[in-house]
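Subject: A structure for you to explore

Hello,

I am handing over the structure we talked about. Please open it and turn it around for a while before you read on.

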Amino acid sequence: MTNRQDGFAQALDSEQRAVSWLYGRLDAARQRAEEALRTAYGRATGTRQAMVEREAMASEQARRLAQLNAVERGLCFGRIDDGSGQSTYIGRIGLRDEEHESVLIDWRAPAARPFYVATATDPGGLVRRRHLHLKDRTVVGIDDEVFDLDGMSDGDRRTLVGEAALLAALRRGRTGRMGDVVATIQTEQDRVIRSSLQGALVVQGGPGTGKTVAALHRAAYLLYTHRDTLERRGVLVVGPNPMFLRYISQVLPALGETQVVMATVGEMFPGVRACAADSPAAAVAKGDPRMAEVVAGALALRQAVPDGDLVVELDGLRLRVPYEVCARLRERARAVRLPHNMARKLYVSELLKELARAEARALEESLHIEELEVEGDPELSEPLDLEADLDEIDLELASRRLWGEPEIRRAVDGLWPELTPHRLIDDLLSSAETLRSVAPPGLAWQELVRPPGSAWTPGDVPLLDEAAELLGEDDSARRMAAREADQEWAEQERYAREVLESTGVAEQGIFERADVLAERHADDGSGLTTADRAVADRSWAYGHVIVDEAQELSPMAWRMVMRRVPAKSLTVVGDLAQTGSAAGARSWGEVLDPHLEGRWRVERLLVNYRTPVEIMRVAADVLRAFAPEQEPPESVRSGGAEPRAVRLTAADLPADLPALVEAELAEVGAEIGPEIGAGNGAEIGAEIGAEIGAGRVGVVTPDARHAEVARLFPEGELEAPVVVLTVGQAKGLEFDAVVVVDPQGILDQSPMGGQDLYVAVTRATRRLTVVHEGELPDVLSRMAEKSTL
Ligand SMILES: Nc1ncnc2c1ncn2[C@@H]1O[C@H](COP(=O)(O)OP(=O)(O)OP(=O)(O)O)[C@@H](O)[C@H]1O
């Protein structure tokens with residue numbers, strides 16, 4: 001054995017001892033949590049309070065246990081050595097020894113920061129950064145970066161190992177789900193992750209630059225650093241479609257965070273499932289910020305005045321309220337500037353009083369007629385003034401009686417109806433007449449008209465939200481509950497303090513505070529967590545909102561998102577070169593300034609960790625043609641297969657496309673295999689890889705051809721070896737190999753077809769094939785040279 005191999009073996013051995021010891025600490029923490037969970041379940045539950053306490057204690061320990069289990073894989077992944085000979089281990093969670101000394105630093109803690117930001121030019125006091133590669137609990141690799149060779153001991157110098165940790169991570173085959181990257185976060189991404197909670201941060205970057213992964217690590221970092229604020233208010237992640245949310249769903253749990261709410265724009269209105277789709281033209285019109293005026297205009301039309309006097313027939317009497325009075329009542333109700341359904345209370349009470357007066361007048365009139373008939377009786381010919389005799393109490397009583405009459409209700413509802421957002425928007429979109437009368441000039445309202453009761457689209461959801469704001473809801477019950485909850489608060493906090501002390505959670509190196517714990521288990525009678533309550537409540541104010549693929553949001557969707565985060569603490573992640581929605585953003589200022597007035601900062605990510613150079617050249621041609629002002633990112637990977645174009649006739653497609661995809665699958669399996677078969681030799685590994693079907697192929701089609709192509713493959717979830725997707729569904733996802741079917745169809749499918757094609761060709765980590773029937777589009781001419789026709 002050479003000196004160097006000897007040194008490496010020693011380093012492995014010593015790191016193995018350190019890592020095994022850390023796993024021992026993890027096991028001990030788990031054991032404590034399990035015991036505490038058993039104790040919690042053993043507690044008496046004689047009273048309601050005792051039961052609530054048992055549930056809180058048990059769920060706290062279950063949560064703690066889940067967190068400890070989530071960090072089993074890759075518990076410790078790094079070590080930093082400073083000039084004083086001090087070594088610090090970095091991991092997914094913080095752990096302490098029996099003396100409460102920190103033995104493993106949570107990757108989000110300030111003490112871990114040098115691990116991510118040290119560079120050769122600015123080592124920040126480090127002499128070495130070491131990456132540890134673990135397989136289960138065994139250290140299988142070490143990767144060193146030395147910043148100061150002179151600062152290291154001779155022994156340490158002998159054990160230096162230099163495999164690039166990042167490239168090793170990138171070489172791994174895709175699994176169909178995004179994973180975390182705590183071990184290899186890059187300096188530019190670290191800046192994004194640890195940027196201040198305050199204000200709005202825009203992360204602009206090309207495909208594969210790690211925007212999504214950085215945003216999710218940022219969520220975990222913010223929850224760790226500002227747990228007191230954020231656990232109480234919650235964090236919302238907005239993604240472009242359900243497929244994408246499934247794709248990223250495992251990242252935060254793997255980082256020990258399970259309390260983040262994830263939703264698409266179409267899911268942000270509780271109780272509404274937006275399952276229909278808008279045409280591009282309808283999406284543009286619906287997303288136009290002037291739709292706020294349209295909704296307000298439609299509502300104003302529902303606050304009516306009668307054509308003439310209001311006349312209601314009641315028990316043979318004609319109650320007449322003059323037109324001018326109706327108009328005055330409407331103006332008064334509008335002037336209070338309350339939402340419609342709340343102002344209605346005032347309007348109804350005033351109108352009922354007018355109707356009570358009208359009733360008195362009508363009664364008087366009828367008596368007067370009778371009186372004329374009783375001639376000669378001096379007492380009865382005394383003039384009556386019933387209306388003037390009515391005092392406030394009479395009016396009140398009469399109003400109540402009248403409100404019970406269906407004719408009166410009908411009349412009131414016709415003038416100022418109680419409305420739901422669903423009814424207002426459905427009525428608006430199914431009435432060309434209303435749309436025409438309230439739409440501002442230039443808004444293509446004709447695109448919006450549809451039959452009543454149509455299924456909701458994601459574009460309708462911001463309109464419903466707008467309507468809900470204008471209509472308001474009767475929240476007196478909720479306010480009353482909040483007051484009661486406040487009274488219970490002190491009690492909850494006292495109890496939470498007890499839980500922390502009795503379970504020792506506070507001492508286990510996990511950042512906890514009694515008030516945070518109390519909030520998590522605040523008994524609102526429903527047993528719901530903060531995340532559950534937030535999802536169900538349209539007016540929930542989140543502590544922080546992350547919007548991914550943010551370029552897709554229309555101005556109307558931004559209005560809705562901004563309402564969910566009154567403190568305007570936002571992370572906006574996107575790429576203006578990938579805007580697929582015709583209603584989406586062309587510039588960040590255009591969509592953000594109406595809400596933030598320039599108070600947002602930008603971080604740019606410029607390195608592409610996904611797409612190899614060879615594929616990126618093709619993508620750059622597409623970008624140059626359709627968004628020349630945007631720069632493609634620079635790829636870190638190279639040496640992949642040259643992208644190729646294959647011409648297939650429509651008749652050959654059903655047989656030849658599955659064969660082509662099968663061949664792609666075998667290719668990526670063979671490439672990934674050597675990693676699977678590590679230790680068995682590259683060749684055997686390649687065979688195993690191809691045989692067990694390692695690797696994933698994404699087949700991307702125009703919207704109109706999705707069904708036809710999907711039929712050719714077994715139906716499968718994201719983890720399936722082959723998944724057939726539209727461009728919209730593939731947004732944000734990645735595969736080892738991608739087959740783009742009918743690029744011309746993608747270009748032609750919408751005004752943003754060029755951007756769609758750019759998205760489609762940048763989904764691959766290794767191989768790209770384009771299948772075309774007619775001529776290859778000009779923008780892909782680079783591939784024609786390699787066509788295998
Ligand atoms: N620091 C890193 N270490 C390891 N892998 C990384 C790192 N940064 C990014 N990656 C990987 O690069 C790939 C692309 O990342 P991600 O999906 O976050 O990019 P994106 O900018 O959101 O792309 P798109 O705009 O196309 O949606 C993912 O597989 C991610 O895990």
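Below is what was found, starting with a sheet and moving on to two pairs of helices.

Please keep in mind that this is a predicted model.

**The sheet**

Six strands make up an open sheet, and going across it you meet them in the order β9-β8-β12-β13-β7-β14, with parallel pairing. Which strands stand at the edges? They are β9 (260–264) and β14 (600–605); each has a single partner strand, so one side of each is left without a neighbour in the sheet. On average, neighbouring strands of this sheet are turned by 15° against each other, direction ignored.

A good strand to look at is β12, residues 544–547. Strand β8 (residues 235–239) runs parallel to β12 and is joined to it by four bridges. Strand β13 (residues 570–574) also runs parallel to β12, with three bridges between them. If you click on V545, you will find L236 of β8 opposite it, and V545 also stands opposite L570 in β13.

Are the faces of β12 covered or open? Both are covered: H544 and I546 are buried on one side, and V545 and V547 are buried on the other. This fits a simple rule: in a regular strand the side chains alternate between the two faces of the sheet.

Further along, β13 pairs with strand β7 (residues 200–205) in the parallel sense, over five bridges. Here V573 in β13 is the bridge partner of V203.

**Two helix pairs**

Helix α26 (residues 613–626) packs against helix α32 (residues 753–761) at an angle of about 170°, with the axes 9 Å apart. An angle over 145 degrees counts as roughly antiparallel, which is why α26 is described that way relative to α32. From α26, the residues in this contact include I615, V618 and F626, and they meet residues of α32 including L757, Y758 and V761. By class, the contact of α26 with α32 has 10 nonpolar, two polar and no charged residues.

The other pair is helix α18 (residues 421–429) with helix α20 (residues 460–471), where the angle is about 125° and the axes are 8 Å apart. That makes α18 oblique to α20, and their crossing is right-handed. P421, H422, L424 and I425 in α18 meet residues of α20, among them D460, L463 and L471. The contact of α18 with α20 has eight nonpolar residues, one polar and one charged.

Enjoy exploring!

Best wishes

Terms used:
Residues are numbered from 1 along each chain as its sequence is written. This is a predicted model: local features need pLDDT of at least 70, side-chain atom pairs count only at pLDDT 80 or more; totals for chains, interfaces and linings use all residues. Axes are lines fitted to C-alpha atoms, for helices over the stretch in contact, and angles run from 0 to 180 degrees between N-to-C directions. Angles under 35 degrees count as roughly parallel, over 145 as roughly antiparallel, 65 to 115 as roughly perpendicular and the rest as oblique. A crossing is left-handed if the near helix is turned anticlockwise from the far one by less than a right angle, and right-handed if clockwise. Two residues are in contact if their C-beta atoms, placed from the backbone, lie within 7 Å. Ala, Val, Leu, Ile, Met, Phe, Trp, Tyr, Cys and Pro count as nonpolar, Asp, Glu, Lys and Arg as charged, and the others, Gly among them, as polar. A residue is buried if 20 or more other C-beta atoms lie within 10 Å of its own, exposed if 12 or fewer, and partly exposed in between; C-beta atoms are placed from the backbone. Two strands pair if DSSP finds at least two bridges between them.
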